[in-house]
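Here is a short walk through one chain, written for someone who likes to check each remark against the coordinates. Keep the viewer open and follow along.

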Amino acid sequence: MKCLICYQSKTGTTAKCAEILKKKLEKRGAQVTAANLAAGRPQLAGYDCIITGAPVRMGKIPKETKAFLEASRNELLNCKKTAFFICSAFPAQTQQVLLENFPRELLEASVCAAGFGGEVDIHKQKGFDRFMARMMTNLVKHYKAAMPSVREENIEAFANTLCGGVDKEKN
Ligand SMILES: Cc1cc2nc3c(=O)[nH]c(=O)nc-3n(C[C@H](O)[C@H](O)[C@H](O)COP(=O)(O)O)c2cc1C
């Protein structure tokens, strides 16, 4: 299976998740290309599977990702398999964020759509983002909650769904 992972990342977590997913798909025998949408829109022809991943800020995915999804609507609907993921701090809101940010028809036609968790590091933020990241970190400490983290098990399940559960190295 020839896969393309299109992603955007503001502070590196979505890029890291795209890389983890790439390795997991490759372990299952897929041929995978990862493309950062910040570097321009990749060619979509010739792929059996196209995955789009984006970070969430203030409930929204980046406008460039939204524009990519709108411009690529037909290719995505005609692709054999599509899937979507987000990186975010609040997993309880994953379904709502997906529904509010990704075109409904693309979600309905996809094999899976999921949240991979996220990371909040105040040192990677600037200006208002840094202020928000500090607020989030303080709230987490105040409520003695766990800091957001990447959910590798979600990426594993996503890779399994896309590849029909086959991990070639394990067989
Ligand atoms: C300013 C700011 C706003 C954020 N807003 C949200 C949000 O609305 N919902 C959420 O679940 N996570 C939110 N997050 C957490 C990010 O989604 C998380 O840090 C993610 O890992 C960022 O991915 P990236 O490093 O690829 O940009 C926010 C983080 C920052 C710094």
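Met58 sits in the loop that links strand E3 (49-55) to helix H2 (63-71). Keep in mind, as you look at this loop, that the model is predicted. The phi angle of Met58 is near 50°, a positive value in a residue other than glycine. Most residues other than glycine have a negative phi. Is Met58 buried or exposed? Met58 is exposed, because its relative accessible area of 58% lies over the 50% cut-off.

Lys144 also deserves a look. Its phi is positive, at about 50°, although Lys144 is not a glycine. This lysine belongs to the loop between H6 and helix H7 (152-163), and its relative accessibility of 76% makes it exposed.

A further loop residue to pick out is His123, placed between strand E5 (112-115) and helix H6 (127-142). With a relative accessibility of 63%, His123 counts as exposed too. His123 and Thr11 lie 112 residues apart in sequence, yet their C-alpha atoms are 10.0 Å apart in space.

The table puts the three loop residues side by side.

| Residue | Loop | Relative accessibility |
|---|---|---|
| Met58 | between E3 and H2 | 58% |
| His123 | between E5 and H6 | 63% |
| Lys144 | between H6 and H7 | 76% |

Now go back along the chain from Met58 into the strand before its loop. How many of the residues of E3 are buried? Seven of the seven are, so E3 is largely enclosed by the rest of the structure. In a regular strand the side chains alternate between the two faces of the sheet. In E3, Cys49, Ile51, Gly53 and Pro55 point one way, while Ile50, Thr52 and Ala54 point the other way, and all of them are buried.

Which strands pair with E3? E1 runs parallel to E3 and is joined to it by five bridges, and strand E4 (residues 81-87) is also parallel to E3, with seven bridges between them. To find these pairings in the viewer, start from Thr52 in E3, the bridge partner of Cys6, and then move to Ile50, whose bridge partner in E4 is Thr82.

Strand E1 (residues 2-7) is mostly covered as well, with five of its six residues buried. Besides E3, E1 pairs with strand E2 (residues 31-36), again in the parallel sense, over six bridges. There, Tyr7 stands opposite Asn36 in E2.

Stepping back to the whole chain, there are seven helices and five strands. Read from the N terminus, their order is β-α-β-β-α-α-β-α-α-β-α-α. Contacts across the sequence are plentiful: among those with a separation of 6 or more, 79% involve residues 24 or more positions apart.

What does the radius of gyration say about the overall form? A compact globule of 171 residues would have a value near 16 Å, and the chain has 16 Å, which agrees. The C-alpha trace spans about 45 × 40 × 25 Å along its principal axes. Of the 171 residues, 44% are buried. The accessible surface comes to about 9400 Å², and carbon and sulfur atoms hold 52% of that area. As for charge, the chain carries 26 positive and 17 negative charges, and the mean positions of the two sets are 5 Å apart.

Definitions and conventions:
Residues are numbered from 1 along each chain as its sequence is written. This is a predicted model: local features need pLDDT of at least 70, side-chain atom pairs count only at pLDDT 80 or more; totals for chains, interfaces and linings use all residues. Side-chain values use heavy atoms; hydrogens and water are left out. Helices (H or I, at least four residues) and strands (E, at least two) are DSSP runs, numbered from the N terminus. The radius of gyration is taken over C-alpha atoms; the globule rule is 2.2 Å times the number of residues to the power 0.38. Buried means under 20% relative accessible area, exposed over 50%, partly exposed in between (1.4 Å probe, protein chains only). Contact means heavy atoms within 4.5 Å. Accessible areas come from the Shrake-Rupley method with a 1.4 Å probe; for residues, only the protein chains shown count as cover. Lys and Arg count as positive and Asp and Glu as negative; His and the chain ends are not counted. The place of a charge is taken as NZ of Lys, CZ of Arg, CG of Asp or CD of Glu. Two strands pair if DSSP finds at least two bridges between them.
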